[in-house]
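Open your viewer, find the selection tool, and let's take a walk together. At each stop you will hear what to select and what is there.

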Amino acid sequence: MGSTQKNVMAALTAALLWATAFVAPAAVKPASELLLVTGRYSLFGLCGLYVLIRSRKQLKLMPLRRILFGLYIGFVGYFVFYICVSYSATAGSGFITAVVVGASPITIAVAGNFAEKRMSWSQLIAPVVLILAGINLLSVTDFVQGGGDGAGNSLLGIALALGAMLTWSYFVVRNAQSQRTWETRPDPTIWAALVAMGAGGASMVLLPYAIASTPEETFSPYPLFKIVTWCVFLGVIGSWWGTYIWVKAAQGIPVPLVGPLLATETIFGAILSLPVEQRTPTWTEIAGALCILAGISVYMVFDVRNVRSKEALSAPDASDAEAVPAATRASR
C-alpha cells in the first residue's frame, strides 16, 4: 500500500475515533452529560499538562497573551462545544446531532469570508441553501410523526447542535486567523497542549459538581466502569491520540482530499448513533442528512477549484491557502 493510501486510512481512523463522541452520551446513560464532558476533558487536560511540564522551557518563551488565548479557545472550542453536543445527543438524537454539526464547513466558510474573503459569496449560496433545507427537514421529523413532547425535545436537540456547530466554527476561524497574523507560529504540540488545558481546566473545576449531580445508580460497578471507560477512550484515545494520528496523516494527504476526509466524521457519527439508539432513521431524517451532505459536497467542489486556481496563479500563496483546511481540526 502506498504512502498516500496509508495516510488516508490513518485519517479515516482519526475521523472514526472522533465520531464516537456523538454516541457516547446515549451509551453512558444514566450518567449525566456533564459527568461525561468533565471526565473526558479532565483526562485530555492532564495529557496537555504533561506535555507542558516537559516543554516548560519553550512555554516560558511564549508571550502571556498567546498562552491565555490558547486556554480560552480550548475552553470555548472544546468544553463548550462538547457540552452542546452531549446535551443535544440526549435531548434529540445522536444521528441528528452528527449531521447538523457536520455542516460546520459551511459556517466556517461564511465566518471566514467575513474575516478574510477567500471565496466568492455567490459560490456559498447553493451550499448554504442546501444546509438550511436539510436542517429544516431534520427539525420537522417529530412533527411529521405526530410527536408532542418529543417534538420539543427534538427542537431543543437541534438548537444545541446548531450551538455546537457555531461554537466549533468560531474556534476554527479564530484559531486560524490569529496564528496567521502572528509573526512566529507556536509549536503545534505545545499549542495543542494549551488547548487541552483550556478544556481540562474548566472540566476539573466542574468535575466535583458533575459527580454530585449524577444519579446514584451511576456509581454501581457496571455503570461506573462504563462511564470511566468512555471518559478514558474519549479523552486519551479519541482526543489526544486521534489528534496525533490526524496531524501525522494530514502531512501526506493531497489538499483536495482533506475536506472529504474530515466530512467522514459526520457519516461515521450518524451511522454509529443508530445502533446505540436502537432505531432506523426516518425518511425526513434521511432527506435532511442527504441535503446537508450535498451542501458540503458542493462547497468542497468550489473549494478545490479555488485552491487549484490559486496554485496556478502563485505557488507560495497556494501553499498558504492550503494550510488552512488541514489545520481546521486540532483535536476533539
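Which residues of H6 are buried? Select Gly94, Phe95, Ile96, Thr97, Ala98, Val99, Val100 and Val101: these are the buried residues of H6. Buried means under 20% relative accessible area, exposed means over 50%, and partly exposed is in between (1.4 Å probe, protein chains only). Helix H6 covers residues 94-101, and 8 of its 8 residues are buried, so it is largely enclosed by the rest of the structure.

Before moving on, a word about what is on your screen. This is a predicted model, in which local features need pLDDT of at least 70 and side-chain atom pairs count only at pLDDT 80 or more, while totals for chains, interfaces and linings use all residues. Residues are numbered from 1 along each chain as its sequence is written, and side-chain values use heavy atoms, with hydrogens and water left out.

**The whole chain**

Now zoom out and colour by secondary structure. The protein chain has 15 helices and 0 strands. Helices (H or I, at least four residues) and strands (E, at least two) are DSSP runs, numbered from the N terminus. Of the 332 residues in the protein chain, 51% are buried. Contact means heavy atoms within 4.5 Å. Among contacts in the protein chain with a separation of 6 or more, 88% are between residues 24 or more positions apart.

**H5 against H6**

Return to H6 and add helix H5, residues 64-91. Two packed helices are described by the angle between their axes and the distance between the axes. The axes of H5 and H6 come within 8 Å and cross at roughly 140 degrees. Axes here are lines fitted to C-alpha atoms, for helices over the stretch in contact, and angles run from 0 to 180 degrees between N-to-C directions. H5 and H6 are therefore oblique to each other. Angles under 35 degrees count as roughly parallel, over 145 as roughly antiparallel, 65 to 115 as roughly perpendicular, and the rest as oblique.

Show the side chains of Phe81, Val85, Ser88 and Ala89 on H5, then Gly94, Thr97 and Val101 on H6; these residues make the contact. They divide into 4 nonpolar, 3 polar and no charged. In this grouping, Ala, Val, Leu, Ile, Met, Phe, Trp, Tyr, Cys and Pro are nonpolar, Asp, Glu, Lys and Arg are charged, and the others, Gly among them, are polar.

**Aromatic rings**

Stay on H5 and select Tyr78 together with Trp168. How do their planes lie? The two form an edge-to-face aromatic pair, 5.7 Å centre to centre with 90 degrees between the planes. Rings of Phe, Tyr and Trp (its six-membered ring) pair if their centres lie within 6.5 Å; planes under 30 degrees apart are stacked, over 60 edge-to-face, and the rest tilted. Tyr78 lies in helix H5 and Trp168 in helix H10 (residues 149-181), so the pair ties together parts that are 90 residues apart in sequence. Both Tyr78 and Trp168 are buried. Widen the selection to Tyr41, Phe44, Tyr78, Phe81, Tyr82, Trp168, Phe171 and Trp240 to see one aromatic cluster.

**Two cores**

Next, select Leu36, Tyr78, Tyr82, Leu194, Trp230 and Ile292, which have the most contacts inside the largest nonpolar core, a set of 71 residues. Its largest share, 10 residues, comes from helix H11 (residues 188-212). Apart from this core lies another of 11 residues, among them Trp18, Ile245, Ile253 and Leu261. A nonpolar core is a set of buried Ala, Val, Leu, Ile, Met, Phe, Trp, Tyr and Cys residues joined through side-chain atoms within 4.5 Å.

**Last stops**

Select Val110 in helix H7 (residues 104-115). Val110 is partly exposed, with a relative accessible area of 22%. Leaving aside neighbours within four places in sequence, Val110 is in contact with Trp121, Leu124 and Val128.

Jump to Thr280, in the loop between helix H13 (255-277) and helix H14 (283-313). Is Thr280 buried or exposed? At 63% relative accessibility, Thr280 counts as exposed. Draw a line from Thr280 to Phe95: C-alpha to C-alpha they are 9.9 Å apart in space, and 185 residues apart in sequence.

Finish at Pro30, in the loop between helix H2 (24-27) and helix H3 (33-54). The peptide bond from Lys29 to Pro30 is cis, with omega near 15 degrees.
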